[in-house]
Amino acid sequence: MHPSRRQLHNRQGGSASALFNLVAPLVTSVATDTRITDTSGQLDLFSQAGASGAVSPLIGQEGAALRRGDVDSANDRSTPTSAATPGTRTSTTATRTTGTRTTSCWRARSAGRPGEGFSFGEWVAAWRHCRRTKRNTPAARAFEDQAEQRLVELHQALDAGTYTPGPSICFAITRPKRREVFAAGFADRVGHHLLYNAIAERFERAFIADSCACIPGRGTLYGARRLETKVRSITQNWSRPAYYLKCDVDSFFVSIDKRILERQLVARIPEPHIQDLTLRILHHDPRVGVVLQDSRRQLELVPRRKSLMHQPAHLGLPIGNLSSQFFANVYLDAMDQFVTHRLRVRHYVRYVDDFILLHESPQQLNAWRDAIAAFLEEKLALRLNDGKTILQPIDRGVDFVGQVVKPWRTTIRRRTVNAALERVATAPAEDLPQVANSYFGLFRQASHSARDRARLANVVRRKGGAVDQRLTKAYA
């Protein structure tokens, strides 16, 4: 016979509610905070539907995709398999470069006291965010085949302080200009999303409203409309003359000083485990163990001053990662605050490293340019690209984020239109609707795009496709 509540009260020397409060947290901690070193034991824990009210729903939604198995089997390797070590990754593709290997300028820190760290549920959420637009890629499918086991390994490696980002894949792109891209492995992309989910909100709340790119709801369309609103404001709806100054940071991504960026990040990340992951990602050198997808001859066509391969270890972020895009916004937020609060510029918009200032006086714009150039050099170790600096009247048209703001209308940049027509004309028949519709959607963002959409529709029809009457969508 079970003892009554009063009997329990008498035996323990306390109230029944006190006894209940001691037991309830114990059940919760078993399901959420306990660290288990045996991988099989961890998998058994997650397979029990009633073990945790927090973890089971996250796994259960994709239960069919979470299967156990050996990690190496998903990669179809021909070499003998070995025991998996937390934090260790190998690559199965192409030839590894034997290029310059630089000494890391940062040492891994402790993740903090036991019990502090990312939960497994946060890893699952990061994986789900990461695969939203990459689910059909070979890397994402291979990861999903063993998702639960791989997430457990990542979780345990980060908690143990042994997590290290794996090798990247390097290739060159030619549009809109020739650039060098370092693509992280899918597992590392999950880590980038984990970090972004943890710290993005606190930083983005402090960003000014005129900072665009890589912020939810603030893409190219937001930037173009923000600029048009400011142009109409300063010109009193095109009734007064005004000028614009357009500037560009020279070789921005490869010029970012990681030491300065580290100070900016650490100042606002007090949690030891989040700070540890932040610095592991920030100071990882993607050149170490890199897999070259393009030939060295193709990569050498990228100018040396824009190539991460030719920079010292403390400079540069790899183009192509979510973490790099977010870090770039954090880095230039100091300039945004300087322009808006110190210089008190009312009409200012920035998209990544391109920014525009508006004023009635060209002399004032030149003075602001000199002040910004001095600030960038002194505080951020950056410099403006003089060859891309433009100062002219607004009524000639302001080219920004692919659109041109003109009196009473916005149009698509000519270079973008010509590139769209060329790409649709050379697209395979099976990809024609998808490629054409992406450009139809882009053209519709401008107020005056009927002529450009008509030209695009004619190209689609000549290739055997069909277009609706309003020239907004293509069909096979």
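Contact is defined here as heavy atoms within 4.5 Å. The structure is a predicted model, in which local features require pLDDT of at least 70 and side-chain atom pairs count only at pLDDT 80 or more, while totals for chains, interfaces and linings use all residues. Residues are numbered from 1 along each chain as its sequence is written, and side-chain values use heavy atoms, with hydrogens and water left out.

Secondary structure was assigned from DSSP runs numbered from the N terminus, with helices comprising H or I runs of at least four residues and strands comprising E runs of at least two. On this basis the protein chain contains 18 helices and 13 strands. Burial is expressed through relative accessible area (1.4 Å probe, protein chains only), where buried means under 20%, exposed means over 50% and partly exposed lies in between. Of the 476 residues in the protein chain, 46% are buried. Among contacts between residues at least 6 apart in sequence, 72% join residues at least 24 apart.

Strand pairing requires that DSSP find at least two bridges between the two strands. One open sheet is formed by five strands in the order 3-6-7-4-8, with mixed pairing. Strand 3 and strand 8 (390-393) occupy its edges, each with a single partner strand, so one side of each lacks a neighbour in the sheet. Strand 3 (residues 211-212) pairs with strand 6 (residues 348-351) in the parallel sense over two bridges, and the bridge partner of serine 211 in strand 6 is arginine 350. Strand 6 also runs antiparallel to strand 7 (residues 354-359), to which four bridges join it. Within this pairing, arginine 350 stands opposite phenylalanine 355, and tyrosine 348 stands opposite leucine 357. The hairpin of strand 6 and strand 7 has two residues between the strands, and valine 352 takes a positive phi near 55° there.

Helix 15 (residues 362-380) lies across strand 4 (243-248), strand 7 and strand 8, and runs at about 145° to strand 7. For such angles, axes are lines fitted to C-alpha atoms, for helices over the stretch in contact, and the values run from 0 to 180 degrees between N-to-C directions.

A further open sheet comprises three strands in the order 2-1-5, again with mixed pairing. Its edges are strand 2 (179-183) and strand 5 (291-292); each has a single partner strand, so one side of each is left without a neighbour in the sheet. Strand 1 (residues 169-173) pairs with strand 5 in the parallel sense over two bridges, and valine 291 in strand 5 is the bridge partner of isoleucine 169.

Two packed helices are described by the angle between their axes and the distance between the axes. Helix 11 (residues 258-266) packs against helix 14 (residues 322-342) at an angle of about 90°, with the axes 10 Å apart. Helix 11 is therefore roughly perpendicular to helix 14, under a scheme in which angles under 35 degrees count as roughly parallel, over 145 as roughly antiparallel, 65 to 115 as roughly perpendicular and the rest as oblique. In this contact, Ile260, Leu261, Gln264 and Leu265 of helix 11 meet Phe327, Val330, Tyr331 and Ala334 of helix 14. The contact residues divide into seven nonpolar, one polar and no charged, where Ala, Val, Leu, Ile, Met, Phe, Trp, Tyr, Cys and Pro count as nonpolar, Asp, Glu, Lys and Arg as charged, and the others, Gly among them, as polar.

Helix 14 is also approached through alanine 206, which is found in the loop between helix 8 (186-204) and strand 3. Apart from residues up to four places away in sequence, alanine 206 touches Arg268, Asp333 and Gln337. Alanine 206 and aspartate 333 are 127 residues apart in sequence and 8.7 Å apart in space, C-alpha to C-alpha. With a relative accessible area of 32%, alanine 206 is partly exposed.

Most residues other than glycine have a negative phi, and most peptide bonds are trans. Tryptophan 238, in the loop between helix 9 (220-234) and strand 4, has a positive phi near 70° and counts as buried at 16% relative accessibility. Tryptophan 408, in the loop between strand 10 (403-406) and strand 11 (409-412), likewise has a positive phi near 70°, but counts as exposed at 53% relative accessibility.

With a disulfide taken as a pair of cysteine sulfur atoms within 2.5 Å, the count comes to zero. Cysteine 130 is buried at 3% relative accessibility, whereas cysteine 214 is partly exposed at 35%.
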